[in-house]
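Visitor: I am new to protein structures. Could you walk me through this one and tell me the reasons behind the words you use?
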Amino acid sequence: MSAITSRPQQHNTLNVYRALPPHSIAFEVTDRHSLPFIEPGEVVVIDTEDRTPRVGDIYVIEWIGGRRNVCQARHSAWQKAGEEPRWHVGSMRTTTPAEFQDWLATAAEANRKGMVPQWGGGWAEGPFSCDYLESKLVGAVIGLYIPGGTKA
């Protein structure tokens with residue numbers, strides 16, 4: 001059994017790598033959708049040989065057009081009995097109903113002033129079949145890349 005298939009599910013912690021392991025690449029996170037776990041400007045290590053979706057694990061997905069995002073895999077609640085499980089991916093940043101209501105009020109005020117508000121909360125896409133999702137995943141996020149140092 002390879003180390004990839006026997007790797008345990010992630011649990012909100014990421015290893016720090018000073019050098020990239022074999023079969024891995026670095027990806028700089030530029031958005032705020034992974035907060036509080038991964039901050040904008042941090043660089044994650046992606047195991048490009050691990051594209052098997054696991055509920056709760058973190059991946060980098062590549063969309064049509066080449067844009068990439070960090071995402072978390074989840075099973076879909078929208079499936080029929082006896083069907084193969086469907087998958088969703090989404091940001092790790094979530095909001096409470098109260099935070100969302102606050103944003104709606106802020107957005108309404110911005111609209112009154114002629115401004116275009118931008119949602120900074122979570123996002124989700126799907127449902128996807130397992131095969132389709134695997135084809136879109138660049139790989140599993142296995143850590144943070146901080147060459148020659150440690151995180152302050």
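Visitor: Where is the place of Ser 34?
Guide: Happy to start there! In this predicted model, Ser 34 lies in the loop that runs between strand 2 (24-28) and strand 3 (43-47).

Visitor: Why does Ser 34 count as buried?
Guide: Buried means under 20% relative accessible area. Ser 34 has 0% relative accessibility, so the word buried applies. Neighbours within four places in sequence aside, Ser 34 is in contact with Val 70 and Met 92.

Visitor: What makes Trp 63 and Trp 123 an edge-to-face aromatic pair?
Guide: Two values decide that. Ring centres must lie within 6.5 Å, and planes over 60 degrees apart count as edge-to-face. For Trp 63 and Trp 123 the centres are 6.0 Å apart and the planes meet at 70°, so both conditions of the rule are satisfied. The pair links distant parts of the chain, as Trp 63 and Trp 123 are 60 residues apart. Both are buried.

Visitor: Why is the pair of Phe 128 and Tyr 132 called tilted?
Guide: Here the centres are 5.6 Å apart and the planes stand at 40°. Stacked needs under 30 degrees and edge-to-face needs over 60, so an angle of 40° leaves tilted.

Visitor: Are Phe 128 and Tyr 132 buried or partly exposed?
Guide: One of each! Phe 128 has 12% relative accessibility, so Phe 128 is buried. Tyr 132, at 37%, falls between the 20% and 50% cut-offs and is therefore partly exposed.

How values were computed:
Residues are numbered from 1 along each chain as its sequence is written. This is a predicted model: local features need pLDDT of at least 70, side-chain atom pairs count only at pLDDT 80 or more; totals for chains, interfaces and linings use all residues. Side-chain values use heavy atoms; hydrogens and water are left out. Helices (H or I, at least four residues) and strands (E, at least two) are DSSP runs, numbered from the N terminus. Buried means under 20% relative accessible area, exposed over 50%, partly exposed in between (1.4 Å probe, protein chains only). Contact means heavy atoms within 4.5 Å.
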